[in-house]
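Me: I am new to this structure and would like a close look at one part of it, the group of paired aromatic rings. Please describe that part and then place it in the chain as a whole.

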Amino acid sequence: MVIVGLISWWYTNGWLTLARKVRARVGGVLGFFSVGLLAGSLFAPFRQIAAGRVDGSITAQLQAWGDRLFSRGVGFVIRSLLIVAGLITVAVVAIVGYTLCIVWPFLPLAPVIGLMALGMGI
């Protein structure tokens, strides 16, 4: 009776729980890297505190424009690197998780296969 209960759980609730956890993990990684927010603010200034509009000489205005341009360039590079790292991490987590979902039904056979291989001397 215990074996029937275990097999019943393994191929129903256990498998569904695993799939939900994999989906939640992929969503968690997407949320951690905030790929959508980073893409939406790709050209926003990076941690720029005070280089807004400047009233004054043309030199001061050009310097403020250069500061804003540099800050946007730095922001673009950093956000792009984070987006790439996030997408790579999401891909790895998804591939590992969904591979586990595919292998899940065959895991109960692993001890049997191991005993057969041991008996054959492999």
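**The aromatic cluster**

Reply: Trp-104 has a relative accessible area of 11% and is therefore buried, the cut-off for that word being under 20%. The model is a predicted one. Trp-104 belongs to a cluster, in which ring pairs link it with Trp-9 and Trp-10.

The whole structure contains 4 aromatic pairs. One of them is formed by Trp-9 and Trp-10, in an edge-to-face arrangement with 6.1 Å from centre to centre and 65° between the planes. Trp-9 also pairs with Trp-104, again edge-to-face, with the centres 6.4 Å apart and an angle of 65° between the planes. Trp-9 is part of helix α1, while Trp-104 sits in the loop between α4 (58–103) and α5 (110–120), so this pair ties together parts that are 95 residues apart in sequence.

How exposed or buried are the other two rings' residues? Trp-9 has 38% relative accessibility and so counts as partly exposed. Trp-10 has 18% relative accessibility, and for that reason counts as buried.

Helix α1 (residues 2–11) also has a part in a nonpolar patch, giving 3 residues, the largest share. The patch covers about 400 Å² of the surface and is made by Ile-3, Ile-7, Tyr-11 and Trp-15. Of these, Trp-15 is placed in helix α2 (residues 13–33). The relative accessibility of Trp-15 is 32%, so this residue is counted as partly exposed.

Now the chain as a whole. Read along the sequence, its pattern is α-α-α-α-α, with 5 helices and 0 strands. The radius of gyration is 26 Å, whereas the globule rule gives 14 Å for 122 residues; the value for the chain is well over that, so the chain is more spread out than a compact globule. The C-alpha trace spans about 85 × 35 × 15 Å along its principal axes.

Of the 122 residues in the chain, 19% are buried; Trp-10 and Trp-104 are among the buried ones. The accessible surface of the chain is about 9,100 Å², and carbon and sulfur atoms account for 76% of that area. Among contacts between residues at least 6 apart in sequence, 80% join residues at least 24 apart. The pairing of Trp-9 with Trp-104 likewise joins parts distant in sequence, 95 residues apart.

Conventions
Residues numbered from 1 in each chain as written. Predicted model: local features only at pLDDT ≥ 70, side-chain atom pairs only at ≥ 80, totals over all residues. Heavy atoms only, no water. Helix = DSSP H or I, 4+ residues; strand = E, 2+ residues; numbered from the N terminus. Rg over C-alpha atoms; globule rule 2.2 N^0.38 Å. Buried < 20%, exposed > 50% of the residue type's maximum accessible area, 1.4 Å probe, protein only. Contact = heavy atoms within 4.5 Å. Areas by Shrake-Rupley, 256 points an atom, 1.4 Å probe, with all protein chains shown as cover. Patch = residues over 30% accessible without salt bridge, like charges linked within 9 Å, V, L, I, M, F, W, Y side chains within 5 Å. Salt bridge = Lys/Arg side-chain N within 4 Å of Asp/Glu carboxyl O. Phe/Tyr/Trp six-rings, centres within 6.5 Å; stacked < 30°, edge-to-face > 60°.
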